Every structure is written in C-alpha cells, then in structure tokens.
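Work through the following exercises with the sequence and the model at hand, and compare each solution with your own reading.

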Amino acid sequence: MAVDLVGELASHAKDGDYFHFPWGNMYLPSFLTDIGITKFVVLEVLIATIMVAVFVPMAGRLRGGQPAKGRFWNMMEVFLVYLRDNVIVPSIGSKKEAAPYIPYLWTLFFFILLCNIFGLVPWMGSPTAAITVTVVLSLLTLGIVIYTGIRHHGALGFWTGMVPHVEGKIGPINLATILNPILFVLEIFSFFVKHVALCIRLMANMFGGALIIAVLIAFIPMAAWSVYTWIPVLFASYFGAVAVYFLKLLVAFLQAYIFTFLTSIYIGMAIHQH
C-alpha cells in the first residue's frame, strides 16, 4: 500500500498517457496516443511554444535596435548575457569561436530549465525526469561536439587528437609507441562516458527530488494509526517536503546551468585539443 501511494504521489515524474489531478485522471485523446504522443511530449511542445512566444518577439526588438524594457524582459536579457559572457564564451574560447553555438546553448538552457520547473507545478510533470528525454539531449550534445571536432580537425585528426602528446624513451623503445594505443582507448571511452553522465545526472536529480517528496508525504497516512504519532509526523513530513520543494527549485536552475556549462566545455575541448 505504501509503495502504491508513493508511486501515485510521484506520478508527475513518470511519463504516461494521462495527467493526474486530485479529482481524477485526464487522458489524452486516443488519436494522439496512437502516434506516440504522451504527457511529456505535450509538455515539451508547450515549453517550446512558450520559448518561441518569449524569445522570437524579444529577438525582433533587439535586432531592430530597441532595448529590453520592463522587469521581465530585463531579467531575460540578464540571463542571456550572463550565459553568453560568463559561461559559453569562456568555456569555448573566444566570442568568434562561440558565436555559432550561442543560440543552441541558450535554447538548451531554457528548455531544460522550463522542463525542470514544470516538474514543480502540481499535476504537471518534469520531462527531464525521464531517461528518454535526457538521452536525446545528450545525443544532441554528442552530435554537435563530434561535428565541431571534425569540422576543425578533420575526421582522423579529431579522434587521434584526443591523445595527449607523449615524449621520452625507455632504452630503445619510444614511450609513444606503447602509451598511445592505451591512451587512445581510454580517451575514447572517457569521451562517451562524459556524455552518458550528462543524461544520467540530469534525470537522476529531477526524478530523485520528486521521489523524496513523495516518500515524505506518504509518511503522513502511514502514521495515522495514532494521533500521537500522526501529528508530529504530519508537521515533520510537511515541512520536510516544503524544504525539498525549494531545494528542487534550486536544483532546477543548477542542473540547467550544469548541462549548458558542460556542453560548452565539451565544445571547447573539441575545438582546442591536446
């Protein structure tokens, strides 16, 4: 019973063909589910629509030479400028090298951030709590990094350039002859592991936060067998859940920042090899 209750409370961290509300489930139309449209897909389309509605008009005004006016637009400009000047450009190397990737990295940050924040809205859901979503985001980063490396160094130069330069000899034997094959295997393995860690880190943080809140709230009915245990458990669980909720809000921004920052680092590493 406790497991079922936790599963129901954490349902917004799971994908499905319905939205769970206090009064019941709202199922998606069958013609959508038949083509693979799920709750998280609906939320991702909604998030993409919000981003288009916000950033396309903003870009149009800035392109026309009009400054951002109003608290909301100034806040968005602060986010964009901070990411560009303090995260993206320093990580990649220079403004000229970073310029082609800034639109993608801006989009990546706000898409992940909004996906995370939607997980804090009751009865919605966090698409980034699903491994399928974070895998796609990581594959996009992997594809861009490989494309960038090949564009700058060529196909052979990109993969072989991961190996650090080795000098020295042990008697007549050149160290590079021995170490380069080993280092090549290790560097290739490390290269793909870093991108796997991208998706797992994001998914685990978002799903874990939802699960912790669900477990804390589930303690309340489980302690209802006695008023002497129920009241302290009620207050402890409630304030614990509220504290974790605000921690999740911090994590929502932090994970979007980390994903964007690491993507920038990986792009910079593809441009500036050993």
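**Exercise 1.** Determine which residues T148 touches, not counting residues up to four places away in sequence, and decide whether T148 is buried or exposed.

*Solution.* Begin with the contacts, defined by heavy atoms within 4.5 Å: T148 touches Y101, I267, A270 and I271. Next, place T148 in helix α7, where helices are DSSP runs of H or I with at least four residues and strands are runs of E with at least two, numbered from the N terminus. Finally, T148 has a relative accessible area of 0%, and is therefore buried (buried is under 20%, exposed over 50%, partly exposed in between, with a 1.4 Å probe and protein chains only).

The model is predicted, with local features needing pLDDT of at least 70 and side-chain atom pairs pLDDT 80 or more, whereas totals for chains, interfaces and linings use all residues. Residues are numbered from 1 along each chain as its sequence is written, and side-chain values use heavy atoms, leaving out hydrogens and water.

**Exercise 2.** Describe how α3 and α6 pack.

*Solution.* First take the geometry: the axes, lines fitted to C-alpha atoms over the stretch in contact, lie 10 Å apart at an angle of about 130°, on a scale from 0 to 180 degrees between N-to-C directions. That angle makes α3 oblique to α6, since under 35 degrees is roughly parallel, over 145 roughly antiparallel, 65 to 115 roughly perpendicular and the rest oblique. Then list the residues that meet, which include M51 and F55 in α3 and F110 and L114 in α6.
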